[in-house]
Amino acid sequence: MNKNYYAVLMAGGVGSRFWPISTSEYPKQFHDMLGTGETLIQKTFQRLNKFIPTENILILTNERYNDLVLEQLPMVKQDQVVLEPAMRNTAPCILYAALKIQKMNPNGVMIVAPSDHWIEDEDAFARDVVTCFDKCEKEEVLCTLGIKPTFPNTGFGYIEYDKEDTDEVKKVNQFREKPDYETAKEFLVQGNFLWNAGIFMWSVKTIVNAFKNYQPAQYQIFINGLACLNSEEETGFIAENYPKAENISIDYAILEKSEAIYVLAATFDWNDLGTWGSLFDKLDKDSTGNAVVNAQLLPEDATGNMIRTSKDKIVVVDGLKDYIIVDKEDVLLIYPKTKEQDIKKVLNKVKDKFGNKYA
C-alpha cells in the first residue's frame, strides 16, 4: 500500500431522517442498516482499507461517539479518532484533520469520505480514488467524485463540468445548489452535470494552502496550535479553540471559491443512504415488492413498503402501500414514503411531547 495515501472518514452526523433507528445517542453510521451483519462505518472503513493503510485512516466524529468508533473499529487506535468538541460543519474539521496529516507526512494525499454511503463495486471505487490521487500528487488541484445522474433528483447538489474538457478528470465550472424539478431535468438534458456525492481528494499541502487563501481566519485558529497537534497538548488546544471556528461547510468555504476544482465521473454504483426511501431503493425486494430488514413478513395487499424490525419479528401488513414501517423497542413508526422528508419534523414533535429520550 502507498504510505502517502490517507483517508478522513466523516462519522459525526446524526442521520435524523432515519429515526427512530438513528438517534443522537446512536446514529445511523453505527447501525447495520441493510441487514448485512456490518454497520455502515465498518463497511466504509473496509472499503478504504483495501488501498489505504489501516494506520492512515482517521475517523472524524463527535466526542460523544468516541467509544462507539473504538468498539466497532477495534483495529483503530485512539490517536486515529479525531474528535470535534463542538459542531462546526465540515470545513473546520477537514482543516483540523489535514493539518494533523500534514504534520505526519507532508507528502500525504487524502480522501474525505462520508461513513454512510453504500458502494457495491469497491474495486472501481478504489480505481477512481487513485486516479484522483495521481492528479493531486502532480498538480495543485482539488478533486471530487461526481455521480452520473439517473433521474432529475432534487435532493442532491450538482456539479457542472466543462463540456469541452476531454480529460478523464474534468475541470469544474461551478457547483449548483439543489434544483427544482424542472431545473434538474434541464441539467440531465445538458449532459455535463453530476450529482455531488461529497467525496473529495487533495494533497494536504493543497487543501491547507486553500484554507490559508480563502479562509484566513479559520486557518489562523488552527495554525496557532500546530505545535500541539499529534501531541498530548492537542486535546486542550482543540477544546479551547475549536468552538471559535466558523460554522461553515467545505463547499462554501473552499470549493465554491477555488478555481482549481476537478471532477471524475464515478464508475461505480452509489447510494447515499440518506432516507428510508433511499434504503428501500437499495435493498432487494421480496416477491410482493416490499423491502424487509430483519422481519418475517406476512403481507396481504401490501407492496412498496420499507419494513425494519428487530431480528425475526413477525410482521403482518394488510392494505398498506408505499409506507415506512420501523419498529424499535418503544417506538413504532408507520409513515408514508412520500412524506419521508418530514420525518425530521416528526422527530421534533416527539422531542417536544416526550423529551429527548426517544430522539
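Which residue forms a salt bridge with K50? The partner is E122, with the closest N and O atoms 2.9 Å apart. This tour of a predicted model returns to that pair after a view of the whole chain.

**The whole chain**

Begin with the full chain displayed as a cartoon. Its secondary structure amounts to 11 helices and 17 strands. The C-alpha trace extends over about 60 × 50 × 40 Å along its principal axes. The radius of gyration is 21 Å, which agrees with the value near 21 Å that a compact globule of 359 residues would have. Of the 359 residues, 54% are buried. Among contacts with a separation of 6 or more, 66% join residues that are 24 or more positions apart. Switch to a surface representation: the chain exposes about 16,400 Å², and carbon and sulfur atoms supply 46% of this area.

**Helix α1**

Next, select residues 40–49, which form helix α1. This helix is mostly covered, with 7 of its 10 residues buried. To see them, show the side chains of L40, I41, K43, T44, F45, R47 and L48. Then colour the elements that cover these buried residues; they include strands β1 (5–10) and β2 (57–62), helix α2 (66–72), strands β4 and β5 (118–119), and helix α4.

**Helix α4**

Move to helix α4, residues 122–138. A distance drawn between its end C-alpha atoms should read 25 Å; 17 residues at 1.5 Å each should span 24 Å, so the two values agree. The buried residues of α4 are E122, A124, F125, A126, D128, V129, C132, F133, K135 and C136.

**The charged network around E122**

Keep α1 and α4 in view and centre on E122. Is this residue buried or exposed? E122 counts as buried because its relative accessibility is 9%, where buried means under 20%. K50 forms its salt bridge with E122 at 2.9 Å between the closest N and O atoms. K50 is in the loop between α1 and β2 while E122 is in helix α4, so this pair ties together parts that are 72 residues apart in sequence. Now add K43, which also forms a salt bridge with E122, the closest N and O atoms being 3.9 Å apart. Since K43 belongs to helix α1 and E122 to helix α4, this second pair ties together parts 79 residues apart in sequence.

Two further pieces of context belong here. A search of the whole structure finds 16 salt bridges. For another example, select D301 and K321, whose side chains meet in a salt bridge at 3.8 Å, N to O. D301 lies in the loop between β13 and β14 (306–308) and K321 in the loop between β15 and β16 (323–328), so the pair ties together parts that are 20 residues apart in sequence. D301 counts as exposed, at 52% relative accessibility, while K321 is partly exposed, with a relative accessible area of 46%. Returning to E122, display E38, K43, R47, K50 and E122 together: salt bridges that share partners join them into one network.

**Helix α6**

Select residues 204–214 for helix α6. Its buried residues are V204, T206, I207, V208, A210 and F211. The cover over them includes helix α3 (90–104), strands β4 (109–114), β6 (142–147) and β9 (193–203), and helices α7 (216–223) and α9 (250–255). Strand β4 thus appears again, having been listed among the elements that cover α1.

**The loop at N294**

Proceed to N294, in the loop between β12 (291–293) and β13 (296–300). N294 counts as partly exposed, at 24% relative accessibility. Which residues does N294 contact, leaving aside its neighbours within four places in sequence? They are R308, T309, S310, K311, D312 and K313. A C-alpha to C-alpha distance drawn from N294 to K328 gives 12 Å, for two residues that are 34 apart in sequence.

**A nonpolar surface patch**

Finish with the surface shown and L298, I314 and V316 selected. These three residues form a nonpolar patch, with about 330 Å² of accessible area together. I314 lies in strand β15, residues 314–318. With a relative accessibility of 59%, I314 counts as exposed.

Technical notes
Residues are numbered from 1 along each chain as its sequence is written. This is a predicted model: local features need pLDDT of at least 70, side-chain atom pairs count only at pLDDT 80 or more; totals for chains, interfaces and linings use all residues. Side-chain values use heavy atoms; hydrogens and water are left out. Patches are made of residues with over 30% relative accessible area and no salt bridge: like charges are joined within 9 Å, nonpolar side chains (Val, Leu, Ile, Met, Phe, Trp, Tyr) within 5 Å. Accessible areas come from the Shrake-Rupley method with a 1.4 Å probe; for residues, only the protein chains shown count as cover. A salt bridge is a side-chain nitrogen of Lys or Arg within 4 Å of a carboxyl oxygen of Asp or Glu. Helices (H or I, at least four residues) and strands (E, at least two) are DSSP runs, numbered from the N terminus. Buried means under 20% relative accessible area, exposed over 50%, partly exposed in between (1.4 Å probe, protein chains only). The radius of gyration is taken over C-alpha atoms; the globule rule is 2.2 Å times the number of residues to the power 0.38. Contact means heavy atoms within 4.5 Å. The expected span of a helix is 1.5 Å times one less than its number of residues.
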